[in-house]
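Reader: Please show the sequence and the structure, and then take some questions on them.

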Amino acid sequence: MRVTLGRQKVAVVGGGITGLTAAYYLQKNAQLNNLPLDVVLIESSLRLGGKIETLRKDQFIIERGPESFLDYNGSVRGLAKDLGIDQQMVSNNEGQTYVAVGSQLYPIPANLIFGGPLEVTPFITSGLFSLSGKIRAAGDLLLPKTKDQEDEPIGDFFRRRFGKEVVENLVEPVLAGTFAGDIDHLSIKSMFPQFYQLEKQYRSLIVGMKKSGETLKSGHAESYQSFQNGLGTLVEALEEELSSISILKGLKVESMDTLNDGSVQLFFNNMAPIKCDAVIMTTPFNAAKDILDLSGVLDPLPKMQYATIATVNMAFNQQETEKYKEAMNFFVSRNSDLAITTCTWCNHKWNNVAPDGFDLLRVYIGRVGDETIVELSDSDIEKTVLSDLKKAIGLDQAPLFTVVSRWKEAMPQYTVGHEERMDLLREQLYPDFPNVKLVGSSYEGISVPDCVSQGKKAAEEMLKEIFEMQVS
């Protein structure tokens with residue numbers, strides 16, 4: 001590969017997992033191909049990692065943000081292998097999952113969490129549904145598929161297939177506990193395209209899940225994964241590897257403009273502008289829209305809705321009770337009288353996150369329509385969580401410590417029509433900003449593997465576009 005022109009400069013805006021991945025693969029591929037490339041990574045906060053933040057305290061491994069991932073596309077393992085940390089990846093232990101309806105916990109088949117085939121016997125014998133609810137759910141076997149339905153809310157989709165009770169007692173709590181969203185607005189096509197396709201192909205979801213073995217994504221992940229010393233391991237390894245690029249922390253991009261020569265000028269809150277040849281923006285969509293506000297290119301697109309949540313990690317002396325010894329987590333139905341949305345026994349799920357003799361519980365609180373609870377003080381949030389844990393699992397002791405982490409507007413909501421809006425975004429952006437890419441959790445998947453995939457893809461595409469006319 002022979003380069004004929006001068007050095008190029010790419011700015012990566014946002015130091016979360018998408019931005020870190022993009023910067024890493026820009027650097028890696030430039031070095032492998034001897035490309036004259038300078039990379040600058042710009043992060044508005046004083047730390048890298050975005051929502052991934054691991055706290056290591058008194059032999060506890062506490063995740064303030066996401067605590068695991070389902071690596072369906074293998075992107076995280078691929079990145080970890082490139083970083084030389086793939087041997088540090090761990091999979092979760094097996095355990096029982098529950099749904100709380102009222103103050104009662106009902107077990108559900110674990111494979112449903114991974115989207116596995118619907119097993120008839122556990123469903124029929126479950127106390128989670130009434131007889132009439134089970135009969136209505138079986139109607140999926142007889143119902144026709146919808147006619148020419150392009151997109152619809154997740155709630156409407158599953159009510160149509162399985163009935164109201166299954167949605168209220170299973171679909172909504174699991175999805176709300178995972179995405180903190182409103183299933184009556186979230187898009188089935190964008191959030192769970194596999195179910196959307198199963199109906200088109202098989203008509204019945206039950207038949208389709210049984211025949212295809214389809215999962216919520218693609219069927220290649222059978223467990224949650226993390227790293228032996230927490231998800232922060234991935235961020236730390238990336239930061240350590242980014243040796244040849246400039247990393248600017250505490251610097252906020254306020255606007256940008258395309259110059260006559262096609263380059264991009266970035267303007268900041270407290271520093272002189274930077275001129276670069278291309279930009280990979282990994283900020284949330286609303287932040288990107290504000291940055292591009294003066295150009296007006298994204299005016300046709302409405303701002304995106306985000307869920308505000310808090311994670312609450314609590315350590316306890318291990319209880320003597322055997323009742324939930326095998327429990328891994330429980331999700332909370334809106335029909336319950338609990339404020340929390342999900343709870344995980346971290347020390348049941350992972351082997352190394354708590355010392356012997358202690359429980360580490362992790363709770364989510366807050367969702368779309370219930371954001372104000374996150375604004376309570378730490379002590380009030382702790383009281384609310386303890387009250388709910390007493391109702392749900394009979395926990396009646398004070399925690400050894402509590403770590404409350406608030407994530408304001410953290411979970412992007414892919415509402416109905418999301419794919420069409422993303423198509424419009426690309427159409428609007430390209431004519432005025434051909435050398436700018438928008439990637440990250442707001443666009444093509446919110447999970448850690450989705451963000452890693454987007455970051456890597458953006459880096460590879462950017463290098464090809466920048467250097468294709470310079471390589472002979």
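Author: Contact here means heavy atoms within 4.5 Å. The model is predicted, so local features need pLDDT of at least 70 and side-chain atom pairs count only at pLDDT 80 or more, while totals for chains, interfaces and linings use all residues. Residues are numbered from 1 along each chain as its sequence is written, and side-chain values use heavy atoms, with hydrogens and water left out.

Reader: Which residues does Q454 touch, not counting those up to four places away in sequence?

Author: Q454 lies in helix α16; helices are DSSP runs of H or I with at least four residues, strands are runs of E with at least two, and both are numbered from the N terminus. With residues up to four places away set aside, the residues that Q454 touches are T18, V439, G440, Y443, E444 and G445.

Reader: Is Q454 buried or exposed?

Author: Buried means under 20% relative accessible area and exposed over 50%, with partly exposed in between (1.4 Å probe, protein chains only). The relative accessible area of Q454 is 6%, so this residue is buried.

Reader: Which backbone atom does the side chain of Q454 reach at 3.0 Å?

Author: A polar contact is a pair of N or O atoms within 3.5 Å; within protein, one must be able to donate a hydrogen and the other to accept it, and residues adjacent in sequence count only if both atoms are side-chain atoms. The side chain of Q454 reaches the backbone oxygen of G445 at 3.2 Å. At 3.0 Å, the atom reached is the backbone nitrogen of G440.

Reader: Which element gives the most to the largest nonpolar core?

Author: A nonpolar core is a set of buried Ala, Val, Leu, Ile, Met, Phe, Trp, Tyr and Cys residues joined through side-chain atoms within 4.5 Å. The largest one has 43 residues, of which L26, F227 and L234 touch the most other members. Elements that each supply at least two residues include β1 (8–13), α1 (17–32) and α16 (448–467). With nine residues, the one that gives the most is α16.

Reader: How many disulfides are there?

Author: A disulfide is a pair of cysteine sulfur atoms within 2.5 Å. The cysteine sulfur closest to that of C346 is in C343, at 8.1 Å, which is too far for a bond. The count of disulfides is zero.

Reader: Which residue of β12 stands opposite Q265?

Author: Two strands pair if DSSP finds at least two bridges between them. Strand β11 (residues 264–268) pairs with β12 in the antiparallel sense, over three bridges. Opposite Q265 in β12 stands K275.
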